[in-house]
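I am opening a notebook page on a structure that is new to me. My plan is to go from the overall layout to single residues, and to write down what I look up as I go.

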Amino acid sequence: MTYDVVSVEIAGTAKDVIEKIHKTHHDGFPVIDRDCVVGYISARDLLFVQPSTPVEQVMSKNLIVADPEMDINDA
């Protein structure tokens, strides 16, 4: 688990995410709105969209998450 998480802003565009993919070599990022995680976007989400497409339109919103303290069997 890492505490220095690379994320993208909900107000960004697909182009912003593509640039971050090239810069970090990661293929997906949590999407944040201020300090709150509101979704996740991956390279796969960007395959057939225009660079100007808002992140909010292509991100995944209904995420299944686990608490860091959760027992592995419960996860």
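Before I place any residue in a loop, I note that helices (H or I, at least four residues) and strands (E, at least two) are DSSP runs, numbered from the N terminus. I also note at the outset that this is a predicted model.

**Entry 1: overall layout.** I looked up the secondary structure and found two helices and three strands. Reading from the N terminus on, I get the order β-α-β-β-α. I then looked up the extent of the C-alpha trace, which spans about 40 × 25 × 25 Å along its principal axes. Of the 75 residues in the protein, 24% are buried.

**Entry 2: the core.** Which residues make up the largest nonpolar core? I list 12 residues in all, namely Val8, Ile10, Ala14, Val17, Ile21, Phe29, Val31, Ile41, Leu46, Val55, Val58 and Met59. Helix 1 (14–24), strand 2 (28–33) and helix 2 (55–58) are the elements that give two or more residues to this core, and the largest share, three residues, comes from helix 1. I add a general remark here, that in soluble globular proteins nonpolar side chains tend to be buried together.

**Entry 3: valine 17 and its contact across the chain.** I picked valine 17 out of the core and found that its place is in helix 1. Is valine 17 buried or exposed? Its relative accessibility is 1%, and because buried means under 20%, valine 17 counts as buried. I also looked up how valine 17 stands to leucine 46, and although the two are 29 residues apart along the chain, their C-alpha atoms are separated by 8.6 Å.

**Entry 4: valine 49.** I found valine 49 in the loop between strand 3 and helix 2. Its relative accessible area is 26%, so I enter valine 49 as partly exposed. The C-alpha atoms of valine 49 and alanine 14 are separated by 7.6 Å, while along the chain these residues are 35 apart.

**Entry 5: two residues with positive phi.** Where does histidine 25 sit? I place histidine 25 in the loop between helix 1 and strand 2. Histidine 25 is not a glycine, yet it has a positive phi of about 65°. At 70% relative accessibility, histidine 25 counts as exposed. I then turned to arginine 34, which lies in the loop between strand 2 and strand 3 (36–42). Arginine 34 has a positive phi of about 60° although it is not a glycine, and with a relative accessible area of 69% I enter arginine 34 as exposed.

**Entry 6: patches on the surface.** I looked up charge on the surface and found that Glu9, Asp33, Asp35 and Glu56 gather in a patch of negative charge. From this patch I followed glutamate 9, which lies in strand 1 (residues 8–9) and counts as partly exposed at 44% relative accessibility. Which residues make a nonpolar surface patch? I wrote down Val37, Tyr40, Leu63 and Val65, which together make a patch of about 370 Å². Of these I followed valine 65, found in the segment after helix 2. Its relative accessible area is 67%, and because exposed means over 50%, I enter valine 65 as exposed.

Notes
Residues are numbered from 1 along each chain as its sequence is written. This is a predicted model: local features need pLDDT of at least 70, side-chain atom pairs count only at pLDDT 80 or more; totals for chains, interfaces and linings use all residues. Side-chain values use heavy atoms; hydrogens and water are left out. Patches are made of residues with over 30% relative accessible area and no salt bridge: like charges are joined within 9 Å, nonpolar side chains (Val, Leu, Ile, Met, Phe, Trp, Tyr) within 5 Å. Accessible areas come from the Shrake-Rupley method with a 1.4 Å probe; for residues, only the protein chains shown count as cover. A salt bridge is a side-chain nitrogen of Lys or Arg within 4 Å of a carboxyl oxygen of Asp or Glu. Lys and Arg count as positive and Asp and Glu as negative; His and the chain ends are not counted. The place of a charge is taken as NZ of Lys, CZ of Arg, CG of Asp or CD of Glu. Buried means under 20% relative accessible area, exposed over 50%, partly exposed in between (1.4 Å probe, protein chains only). A nonpolar core is a set of buried Ala, Val, Leu, Ile, Met, Phe, Trp, Tyr and Cys residues joined through side-chain atoms within 4.5 Å.
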